[in-house]
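Welcome, and thanks for taking a look at this one with us. Below is a short briefing, grouped by topic, to read alongside the model.

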Amino acid sequence: MTTWQEKRDRYIPKGVGNGNRAIASHGKGATIYDEEENVYIDFAGAIGVMNVGHSHPKVVEAAQQQIDKVAHPGFNVIMYDGYIKLAERLSKLAPGDFDKKTLLLNSGAEAVENAVKIARKATGRQAVVTFKRGFHGRTNMTMAMTGKVKPYKFGFGPFAPEVYHAPYPYMFRKPEEQGDDTYVKSAIDDFDLFLKTEVAPEEVACVVMEPVQGEGGFIIPPKAFVEYVAKRCQEHGILLVADEIQTGFARTGAWFASEHFGITPDLMTLSKSLAAGFPLSAVVGKADVMDAANPGELGGTFTGNAVACQAALAVLDIIEEENLNERAEVVGRQFEDKVRTWEEKYSFVRGFRRLGAMAAFEIVKGDGKTPDAEKTAAILKAANASGLLLLSSGLYSNVIRFLAPVVITDKELDKGLEILEDVLKQQ
């Protein structure tokens with residue numbers, strides 16, 4: 001009998017990666033079961049999608065009720081209240097004491113593309129600034145904006161023009177001779193130099209920044225650097241776009257990571273945990289900027305799907321009712337307490353950082369800094385074989401990241417940490 005794995009290899013391109021080759025059967029909270037009822041603690045959350053957990057009953061109920069009514073009338077054809085309700089709630093949740101509007105789309109990359117479209121239309125400028133090690137998607141435009149060649153960009157060019165990659169500070173990898181304050185000042189000076197040598201600020205439509213770099217390695221920038229970038233944008237009429245696709249909806253202990261840095265983006269891109277697994281994304285921003293496009297210039301066939309909108313409204317209710325922003329800080333602290341003990345036990349565990357429950361650490365070689373991608377891959381493989389869904393990230397593929405559902409129970413968290421520690425002991 002042909003197995004699912006054999007059929008996968010026969011009918012699905014090898015370019016689609018699989019961290020675990022089991023077949024998921026069902027899941028609840030932070031636990032997934034395969035077709036043979038093997039149990040997996042989920043520290044991956046479908047790459048940051050399941051902040052409210054798998055199959056939350058309120059999400060399931062909301063989606064079922066909507067699909068019984070009408071699955072997708074198409075908002076560009078005839079309106080429905082779910083799209084409007086969600087746009088209202090996201091507009092009110094987004095930072096900023098000004099009128100905001102919301103455009104709903106399908107995926108994170110689509111949100112980023114539309115944010116760039118809107119910024120260019122609103123400013124009459126073409127240049128787009130992103131940051132080294134950043135990740136914004138796999139479409140042509142967002143590949144151009146992404147700061148890692150392999151596996152995302154290699155062989156897929158040419159890419160969209162007028163995209164520039166600015167420096168982004170990485171505290172764990174700062175020069176040893178530099179103190180923190182000196183390094184932050186150097187990062188700010190480098191950003192100023194970038195605006196002199198790479199692209200003139202008068203030509204820049206938008207700066208697209210992840211408040212915490214996700215695929216780049218869960219890199220948390222110094223607040224002073226983020227504030228300075230925002231200040232320069234304001235000085236030069238550049239629209240600041242916060243890519244909150246991986247950082248939003250309680251992941252960092254706030255609705256959006258921007259709140260931790262005290263900045264007010266002109267536009268935000270949202271997706272991933274917005275709709276608990278249903279394809280949905282959004283661009284939220286200043287009303288006058290969002291209105292720069294004329295009727296028919298924004299939208300798409302499946303954008304703002306009615307079922308996904310109801311799922312998203314349920315997600316927002318769950319975050320509020322279950323106090324998930326507060327829970328994220330509790331979960332993140334518990335994860336940190338364990339990893340700090342590992343940094344003392346294992347010479348290859350270094351560089352822990354977190355913002356709320358967005359946490360990570362690095363796997364390094366004997367010198368305490370050199371990335372060890374080979375050992376990282378071995379840890380991931382062993383963890384998945386032992387019942388823990390685990391992901392890496394980072395330019396050097398040596399960062400182990402924590403993306404468990406924020407609703408993870410203490411029991412599930414303890415079990416996952418126990419599996420991971422057992423794997424680390426074997427290295």
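Let's start with a sheet: four strands form an open sheet in the order β11-β12-β15-β14, and their pairing is antiparallel. Its edges are β11 (349-355) and β14 (391-393), each of which pairs on one side only. Please keep in mind that this is a predicted model.

**The sheet and its helix**

- On average, neighbouring strands of this sheet are turned by 30 degrees against each other, with direction ignored.
- Edge strand β14 is joined to β15 (residues 399-402) by three bridges, and the two strands run antiparallel.
- Within that pairing, L391 has R401 of β15 standing opposite.
- Helix α12 (residues 324-345) packs on the sheet, where α12 touches β11, β12 (358-363) and β15.
- The direction of α12 makes about 170 degrees with that of β11.
- As general background, the strands of a sheet pair through backbone hydrogen bonds, in either a parallel or an antiparallel way.

**The protein as a whole**

- The protein contains 14 helices and 15 strands.
- Its radius of gyration is 21 Å, which agrees with the value near 22 Å that a compact globule would have with 427 residues.
- The C-alpha trace spans about 65 × 55 × 45 Å along the principal axes of the protein.
- Of the 427 residues, 54% count as buried.
- Among contacts with a separation of 6 or more, 72% come from residues 24 or more positions apart.
- The accessible surface amounts to about 19000 Å², and carbon and sulfur atoms hold 51% of it.

**Salt bridges around E362**

- A search of the whole structure finds 25 salt bridges, and E362 takes part in bridges with R173 and with R353.
- In the pair of E362 and R173, the closest N and O atoms are 2.7 Å apart.
- This pair links distant parts of the chain, since E362 lies in strand β12 and R173 in the loop between β6 (163-166) and α7 (180-197), 189 residues apart.
- How buried or exposed is E362? With 0% relative accessibility, E362 counts as buried, because buried means under 20% relative accessible area.
- R173 has a relative accessible area of 23%, so R173 is partly exposed.
- In the pair of E362 and R353, the closest N and O atoms are 2.8 Å apart.
- Both E362 and R353 are buried.

**A shared network**

- Salt bridges that share partners join six residues into one network: E329, R333, E336, R340, E343 and R354.

**A link between α4 and α11**

- Which residue forms a salt bridge with R89? The partner is E320, and the closest N and O atoms of the two are 3.5 Å apart.
- The two residues sit in distant parts of the chain: E320 belongs to helix α11 (residues 306-321) and R89 to helix α4 (residues 81-93), with their positions 231 residues apart.
- E320 has 43% relative accessibility and therefore counts as partly exposed.
- R89 also counts as partly exposed, because its relative accessibility is 22% and the range for that class lies between 20% and 50%.

Methods: Residues are numbered from 1 along each chain as its sequence is written. This is a predicted model: local features need pLDDT of at least 70, side-chain atom pairs count only at pLDDT 80 or more; totals for chains, interfaces and linings use all residues. Side-chain values use heavy atoms; hydrogens and water are left out. Two strands pair if DSSP finds at least two bridges between them. Axes are lines fitted to C-alpha atoms, for helices over the stretch in contact, and angles run from 0 to 180 degrees between N-to-C directions. Contact means heavy atoms within 4.5 Å. The radius of gyration is taken over C-alpha atoms; the globule rule is 2.2 Å times the number of residues to the power 0.38. Buried means under 20% relative accessible area, exposed over 50%, partly exposed in between (1.4 Å probe, protein chains only). Accessible areas come from the Shrake-Rupley method with a 1.4 Å probe; for residues, only the protein chains shown count as cover. A salt bridge is a side-chain nitrogen of Lys or Arg within 4 Å of a carboxyl oxygen of Asp or Glu.
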